[in-house]
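Visitor: I would like a close look at one part of this structure. Please take me through one strand and its partners, then show me some other parts for contrast.

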Amino acid sequence: MVSAPRAATSPALRAVRTEAEALVGLARRRVSQYSGIGARRAARRPPIWPPAPDLPKGDPRLGLRDRWYLLGVADLVGAQPVPTRLLGEDLVAWRDGDGAVRLMADLCPHRGARLSVGDVVGGQLQCAYHHWRFDGEGQCTSVPSQGGACSLAERTHVSVTYPVTEQAGYLWAWIGESEPALLELPAEFTDDRYSTFPETVEWGANWMLALENLVDLMHAPFLHARSITLNEGITDDRVVVDDHDDGFEVRRRDQAGTNFDWIDIHTGSLSYVRLDIPLPPSAGPGPPLRILGFLTPRDNAATLVHFPRFRKVSGRERRIWRTLYRLRLRGTHLHVLNQDKEMLESLRTVEEARRDEHLAQADRPVVHLRRALEPAFEEQRQRFGLAAQTETVPQLAAD
């Protein structure tokens, strides 16, 4: 197996860290309780929870359901519950008594408090409001005001739970109503010839716009011209699209191995993209940088973007590569991602971005992607009783 991401730890070390986090949290609460330090700042803090999405559950703009989504590195969830928003739903991730990550609605069925404000006690999630407890399946196990276990607890259940699996040092969640499909990770996660680093950023843009950006090869020599790795190559080219069993591949006709010149798009139960970036000699020895891209929609206006980076190097070359990446290369790569972030956040909504499109031949991958996803969009609309939508794809400029 490929070595776990740098941020991941073994279960034993995680247990030690979890206990330490709990003790630190207790100490902070005690200091605040007896000294008042930080109390005034907390009292004046504005509401921290984002407003609910203005779209109904199942709207494709919130994401495709019945899919696997990458949540982040395994250490994302430790001793305390972690609030998150996925596909428009407010959820809480936490670890049970066996160390397994659980994912459920961030809503106590008692009075609607957020369970993420609570604690994990005895391997169960305890709501801070009245200390009702829930097991990993969302079943209430205790109502303290009625003596603990009781008939009310037996008939009370958290409304939504989703399966989570921990593989290759990452957390993967099945978001949907059907039984989870088999999770088949890309080969890079299980090939020990690759050295890898995790990377997760958040873009204030709809996931559809983010995915269209990833399949758009020709933005690289323009938007990313002022970068170390994407500053070369021709700017006048044609784009070729070829289908395969799980999606399609996009490549430039007249250029290869110079820039971000091809991309492999997978649209199945685990959707992702794969691409290579040539690196200059200053990045150390080794082949091009392999990047896998996973998009996890938060809601209509935000997307988690996961870009684990891989390089097939070993021995001394691997040590040089990992040292250079930590010291300098990660920052240069984040510089490129920030260019994407700024541009995508300027597009506002999907509707506004597409309102008056004039597409060129280089936009063939974007049109191909929309056509490939539309059947899944329409099936999901029908399943959730949403109105059908007919989208007219603009004509491409003549070759």
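Guide: Keep in mind that this is a predicted model. Let us start with strand β19, which covers residues 302-306. How many of its five residues are buried? Five of the five are, so the strand is largely enclosed by the rest of the structure. Buried here means under 20% relative accessible area.

Now take the two faces of β19. Both are covered. On one side sit Ala-302, Leu-304 and His-306. On the other side sit Thr-303 and Val-305. Each of these residues is buried.

Next, the partners. Strands of a sheet pair through backbone hydrogen bonds, and the pairing is either parallel or antiparallel. Strand β13, residues 200-203, pairs with β19 in the antiparallel sense. Four bridges link β13 and β19. Find Trp-203, and you will see Thr-303 of β19 opposite.

Strand β18 is another partner. It spans residues 289-299. Its pairing with β19 is antiparallel too, over five bridges. Here Thr-296 stands opposite Leu-304 of β19. Follow the chain from β18 to β19, and you pass through a hairpin of two residues.

Now for the contrast. Look at an open sheet of four strands. The order is β5-β6-β7-β8, and the pairing is antiparallel. Which strands form the edges? They are β5, residues 119-121, and β8, residues 140-142. Each edge strand pairs on one side only. Step in from β5 and you meet β6, residues 124-126. β5 and β6 pair in the antiparallel sense over three bridges. Within this pair, Val-120 faces Leu-125 of β6.

Last, the cysteines. How many disulfides does the structure hold? Zero. Take Cys-108, which is in no disulfide. Its nearest cysteine sulfur belongs to Cys-127, and that atom is 3.9 Å away. A disulfide needs the two sulfur atoms within 2.5 Å, so a pair beyond that cut-off does not count. Cys-108 has 3% relative accessibility, so it counts as buried.

Cys-140 is in no disulfide either. The nearest cysteine sulfur to Cys-140 is that of Cys-150, at 6.9 Å. With a relative accessible area of 4%, Cys-140 is buried.

Technical notes
Residues are numbered from 1 along each chain as its sequence is written. This is a predicted model: local features need pLDDT of at least 70, side-chain atom pairs count only at pLDDT 80 or more; totals for chains, interfaces and linings use all residues. Side-chain values use heavy atoms; hydrogens and water are left out. Two strands pair if DSSP finds at least two bridges between them. Buried means under 20% relative accessible area, exposed over 50%, partly exposed in between (1.4 Å probe, protein chains only).
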